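Reader: I am new to reading structures. Please take me through one part closely, and show me how that part sits in the whole.

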Amino acid sequence: MRRFHQASWDEPIIHELSVPGERGILVPQVEEEIADAVGNPISRIPEALRRTEPPRLPGVSEHRVLQHYLRLSQETLGEHLNVDVGQGTCTMKYNPPINERFATSPKLTELHPFQDGSTVQGILEIMYKLDLFLREISGLERFSLQPGGGSHAIYAMACMVRAYFADRGEERDEVITTLFSHPSDAAAPRVKGFRPIVIPPDQDGLPDIGALKRAVSERTAALFITNPEDTGIFNPKIAEFTGIVHEAGGLCCYDQANANGILGITRAREAGFDMTFFNLHKTFASPHGCGGPGSGALGAAGKIAYYLPVPLVGYDAGQDRYFLDYDLPKSIGKVKDFCGVIPAIVRAYAWIMSLGEEGLRAVAETAVLNNNYLLHKLQKVRGMSAPFAPGRHRIEQVRYSFEELARDTGVHTTDIQRRVADFGAHYWTSHEPWYVPEPVTLEPTESYSKDELDEYARIIEQIVSEAYTDPDWVRTAPHRSTIGKVTDHSHFEDPGKWALTWRGYRKKYKGYFEPHEA
Amino acid sequence: MRKERSVHPWIPNSAPRIRDEMLREIGASSIDELYELIPEPLRFKGKLNLPDPLPDEASLDRHMRNILGKNVSTAERLSFLGGGCAPHYVPAVCDWINQRSEFLTAYAGEPYEDHGRFQVLFEYASMIGDLVGMDAVSVPTYDGSQAAASALRMAGRITGRKKALIPEIINPDRRSIIGNYSDPKLEVDEIGYDERTGLLDVADLERKLGPEVAAVYFEVPGYLGTIEPDPTEITRLAHAAGALVVVGVDPISLGVLAAPADYGADIVVGELQPLGVQMQFGGGRGGFIATPDDERHISEYPLRLFGIAPTVDQKWGFGDVAWERTSFAKREGSKEFVGTMAALWGITAGVYLALMGPAGMRELGETILARAAYAAERLNGIPGVRAPRLRSPFFKEFTVDFSETGLTVAAINEQLLERGIFGGHDLSSPFPELVGCALYCVTEVHTKDDIDRLVGAVSEVVKEGR
């Protein structure tokens, strides 16, 4: 086993580093002529609006700021540093540094969105071509790159569904999703006034087609579904699902946030979807940035494409000129400022250009190979199981269960989660509700070698062995991480005890979590 | 010519020997067998029409340089474009930190293996709280417009009311984003403005306030740079009618402008881009939402909130506050939704504010005020040019009226472009009452020489046009 210890700098909160008078950076001072011409700039502000008390920001010298953030970065486990198969559904694949060269090029970072079209032909070309690539990969007609993540794309699809039926004068107020689809497939359409109906899984772990048939009606606006779902089992009846919803007059929205196992293998079009989206920060290798910025590239088929957010990018072949295309009379308008998360778009374009059609297929095939390899290994682990579809292969991920281990030892999946940190890896349980008891969802992607997958399996085996021999050691984990366990969760649940900012903390506590006298 | 394609460096197990070994271990005869659950009719049998790949890094680099080279950036010209995306100096430490592999490639780990991520985001929230005067700040949302839209829905739930009032002068994209996000739960109505000053028409606000109004939203500074001289009166009127006040700020102004909490804001929102985030063609965005720390507000946040807690070894520990309110936990029973949004720009804004400190923010505000004032006064001195067109105090951005020059803004900007200058954003089409006007943005990156060069070029263009 790797003898890992996470960095543990015991770094104070930045405000504790403040030394009055210290500066982290100096700012340009106005030239004398301007000062003479303008006078005291503060006098330009209406009196009621002048800041009388400076913000209580810390004052810290530059090197100390850098040190502080570098130390905290060391206490963060990025994909680049670990065998990141433990954050299932998130597609934690390799984020190639070459793409950072493009994303941080001044030719990109210093562009303003209102520049004259003649000065932004490069970025428009990239956006236009990425749209073409995604059309190929999905089989749909046109893509908007505007949504800022997967949930945002789901929300944008819900906006389009609503606009579509408003145009047709149909009042449809229900959407259908499944229990193993992403929580946002149920949550985001609610923002647009839809009532979600959730289809439970059947005995095979697949969404119950009988329940779908019972759920559809003249009130059905749309289906929001992933496939494969979080279980990694491909739903072979997916075309029947879309058929049933279409039959009822509804639209079909595909959540392909994670399409990593099926690139070039099967597409939204053939399965009968009207809309889909791809998370460029998952399948297309843009880094996750600690939780964004991401990008949910949103595609639509046929007439539904008229409802996409504007602007799209057009190409005038006669003039060989790319342009922002606002000419979409049925467009829902905007869901996000400007044109979307440009660095993610540029990275996705470059990633596809590096791989091409054979490469994309190799990505999918290897992701599936890796997943089934890990499944094969972990199925032998005591107390661990892979519910549903026994003996069948999975696509890109598996939702495992530690139900038996918990029953045998009293060690829960959340205990294992903390203990995995001691080995320099991640371990994510699963979205709620925990329909699979004591769950963990693992997704190996194409990025990790066989040896690395073996290493991750060894970590799980080691912790399971500890659970059976010394369960307290697992329950009190972590032991080799940045911090020890937080045992008192009332700090996250009790409004009288929680503190969401340093100023909030100082109001509630003196010293180390010592409450002020009432 | 190579006969066989090499194994791609990003896909180690595509090497045939390893692949076969793994298949053997699994007990499958082929990769195809692993896809057994995908029915034949759903299999894609064609070939994706994609360009020939550039698998070697050098070729990819060359290709990308060629395309990106077609862009001409604001670093290569003199730009006065703003309108929600502004040129501010980005300290080197900001980019240094957000390019760290650890932060760049992390995602959603737990407080133990990702302790640093939790701490930097808690600190980010703390420093935004310092700026705006609030004790609760969430992890960032997609952008400032989304923050405003979400805050209005929050206000709707808090008050149980169904209408939001927003200014008629607002970024048209933000108007559309708020409209989409409000429909069908919240009706949006607009507060008129004084045509001379661009400021909110308080009489119109009074007329529109009523028992159905959940929130009054206004911005300081407004979209066209104007500063409301008496926001306390606006918040007093709104509160008297039982509505909440949502204030949108430009955070870069808050070293010199009052914290919105001080003039009665209930929710403060804004865009993070000015705080150390590169413009990226409008792609570098993040939004913040800040409120008082009380249950009434906290329970309506759709976003993640990070709190601080003691650990068994007496260190700073962190975790999600009131997790059960989020859509991760509530799914179909949730209020709005949460997902991957803009954490990296929150971290970056935190680095920025830590570097700037209170003195930096104040000095920066003064520099922007002075340079923008100087630019407006100089432009105003050009015959036929009026600046600011909207006669009110302003910060960072101001309206310039060219209508008396006989030239359209488009024509002027074309001439300026030829002289290596990106002129201000044309307001003629988004605001028909401001035909012939442009929005100029002047910040700490514009020196006196830059402004003088602009003034010289505009004078020339105007003179030639006469």
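Author: Start with the domains of chain A. This is a predicted model, and the domain assignment splits chain A into four: domain 1 (14–76), domain 2 (121–354), domain 3 (361–475) and domain 4 (487–518). Take domain 1 and domain 2 of chain A. Their centres, taken over C-alpha atoms, are separated by 43 Å.

Now pick out one helix pair in chain A. Helix α5 of chain A covers residues 121–138. Helix α10 of chain A covers residues 342–378. How do the two run relative to each other? Their axes come within 9 Å and cross at roughly 60°. An angle of 65 to 115 degrees would count as roughly perpendicular, and one under 35 as roughly parallel. The pair falls in neither range, so α5(A) and α10(A) are oblique to each other. The crossing has a hand too: α5(A) passes α10(A) in a left-handed crossing.

Which residues make this contact? From α5(A) come A:I123, A:I126, A:M127, A:K129, A:L130 and A:F133. From α10(A) come A:I342, A:I345, A:V346, A:A348, A:Y349 and A:I352. Sort them by class. The contact has 11 nonpolar residues, no polar ones and 1 charged one.

Helix α10(A) also has a part in the contact between the chains. There, 185 residues of chain A are in contact with 176 residues of chain B. On the chain A side, α10(A) gives the largest share, 22 residues. That whole side of chain A divides into 91 nonpolar, 57 polar and 37 charged residues.

Cross over to chain B. Its secondary structure comes to 15 helices and 14 strands. Along its principal axes, the C-alpha trace of chain B spans about 80 × 60 × 50 Å. Chain B has 466 residues, and 63% of them count as buried. Next, look at contacts in chain B between residues at least 6 apart in sequence. Of these, 71% join residues at least 24 apart.

Chain B has its own domain assignment. Domain 1 of chain B is made of two stretches, 78–87 + 360–465, and domain 2 is 92–353. Their C-alpha centres lie 29 Å apart. Where they meet, 24 residues of domain 1 of chain B are in contact with 25 residues of domain 2 of chain B. On the domain 1 side, α13 (343–380) and β11 (397–401) of chain B each supply at least two residues. Helix α13(B) gives the most, with 6 residues. By class, this side of domain 1 of chain B has 13 nonpolar, 5 polar and 6 charged residues.

Finish with a single residue, B:A136. It lies in strand β2 of chain B, residues 136–137. Is B:A136 buried or exposed? The cut-off for buried is 20 or more other C-beta atoms within 10 Å. B:A136 has 25 C-beta neighbours inside 10 Å, so B:A136 counts as buried.

What does B:A136 touch? Leave out residues up to four places away in sequence. In chain B, the partners are B:A290, B:T291, B:P292, B:D293, B:H297, B:I298 and B:L305. From chain A, A:L500, A:T501 and A:G504 touch B:A136. One more pair shows how the chain folds back. B:A136 and B:D294 are 158 residues apart along the chain, yet 8.5 Å separates their C-alpha atoms.

Note on methods:
Residues are numbered from 1 along each chain as its sequence is written. Chains are lettered from A and ligands numbered from 1 in the order in which they are written. This is a predicted model: local features need pLDDT of at least 70, side-chain atom pairs count only at pLDDT 80 or more; totals for chains, interfaces and linings use all residues. Two residues are in contact if their C-beta atoms, placed from the backbone, lie within 7 Å. Helices (H or I, at least four residues) and strands (E, at least two) are DSSP runs, numbered from the N terminus. Ala, Val, Leu, Ile, Met, Phe, Trp, Tyr, Cys and Pro count as nonpolar, Asp, Glu, Lys and Arg as charged, and the others, Gly among them, as polar. Axes are lines fitted to C-alpha atoms, for helices over the stretch in contact, and angles run from 0 to 180 degrees between N-to-C directions. Angles under 35 degrees count as roughly parallel, over 145 as roughly antiparallel, 65 to 115 as roughly perpendicular and the rest as oblique. A crossing is left-handed if the near helix is turned anticlockwise from the far one by less than a right angle, and right-handed if clockwise. Domain bounds come from an automatic or database domain assignment. A residue is buried if 20 or more other C-beta atoms lie within 10 Å of its own, exposed if 12 or fewer, and partly exposed in between; C-beta atoms are placed from the backbone.
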